[in-house]
Amino acid sequence: GTPSVTNACSICRDGFMAGDGNAAGDGTYLVTDVATAKSYAGSAGVYLKCLVTLGRTCVWGAPMQARYAAWCQRHGVQQDNSAVTAFLLRNGFNTIQNGKVVVVLSPGYRNPTAWKRKSRFIRMLSIHRASDGAPIRV
């Protein structure tokens with residue numbers, strides 16, 4: 001879900017922008033249900049239906065948190081969201097799932113707008129108005 005049609009047009013044209021500093025690491029954030037996507041979009045926004053190839057997915061929980069903390073300590077790395085991404089990518093994961101949120105991981109960059117790219121793991125299927133679910137063309 002995104003709060004403006006302009007954002008959806010940008011995603012169609014340039015690809016997704018990897019977010020940095022987010023709760024589950026750096027990457028493209030998606031959700032598994034329409035209701036949650038609509039909540040991110042707001043009443044004037046849109047949501048995108050996508051097909052996501054998950055690859056090797058980490059389901060985050062207490063055991064993975066403990067492995068991550070130990071990894072950070074061994075490597076002298078501050079525990080932050082970008083460190084989560086590095087830890088997961090270095091351990092062979094390309095996606096993380098935490099509840100309804102799925103993140104297609106990619107390293108965060110200081111200027112994420114400059115790094116917009118089409119992800120080989122995400123294919124956009126359609127765009128819908130959040131207010132009524134009607135499909136739209138952009």
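**Helix H4 and the nonpolar cores of the chain**

The accessible surface of the chain amounts to about 7900 Å², with 53% of this area belonging to carbon and sulfur atoms. The model is a predicted one, and of its 138 residues 36% count as buried. Four helices and seven strands make up the secondary structure, and these elements follow one another along the sequence in the pattern α-β-α-β-β-α-α-β-β-β-β. Among contacts with a separation of 6 or more, 69% are accounted for by residues 24 or more positions apart.

Helix H4 spans residues 81–90, and within this helix Ala83, Val84, Thr85, Phe87 and Leu88 are buried. The buried residues of H4 pack against helix H3 (62–75) and against strands E3 (57–59), E4 (95–98) and E5 (101–105). The N-terminal end of H4 is capped by Asp80, a side-chain oxygen of which lies 3.2 Å from the backbone nitrogen of Ser82, while after the helix comes Gly92, with a positive phi near 85 degrees.

Phe87 and Leu88 also belong to the largest nonpolar core, which has 15 residues and in which they, together with Cys58, Trp60, Met64, Tyr68 and Ile96, have the most contacts. Two or more residues are given to this core by each of H3, H4 and E5. When neighbours within four places in sequence are left aside, Tyr68 is in contact with Trp60, with Gln78, Gln79 and Asp80, and with Ala83, Val84 and Phe87; the residue that caps H4 is thus among the contacts of Tyr68. Apart from the largest core lies another, of 10 residues, including Ala8, Ile11, Phe16 and Leu30.

Key:
Residues are numbered from 1 along each chain as its sequence is written. This is a predicted model: local features need pLDDT of at least 70, side-chain atom pairs count only at pLDDT 80 or more; totals for chains, interfaces and linings use all residues. Side-chain values use heavy atoms; hydrogens and water are left out. Buried means under 20% relative accessible area, exposed over 50%, partly exposed in between (1.4 Å probe, protein chains only). Contact means heavy atoms within 4.5 Å. Accessible areas come from the Shrake-Rupley method with a 1.4 Å probe; for residues, only the protein chains shown count as cover. A polar contact is a pair of N or O atoms within 3.5 Å; within protein, one must be able to donate a hydrogen and the other to accept it, and residues adjacent in sequence count only if both atoms are side-chain atoms. A nonpolar core is a set of buried Ala, Val, Leu, Ile, Met, Phe, Trp, Tyr and Cys residues joined through side-chain atoms within 4.5 Å.
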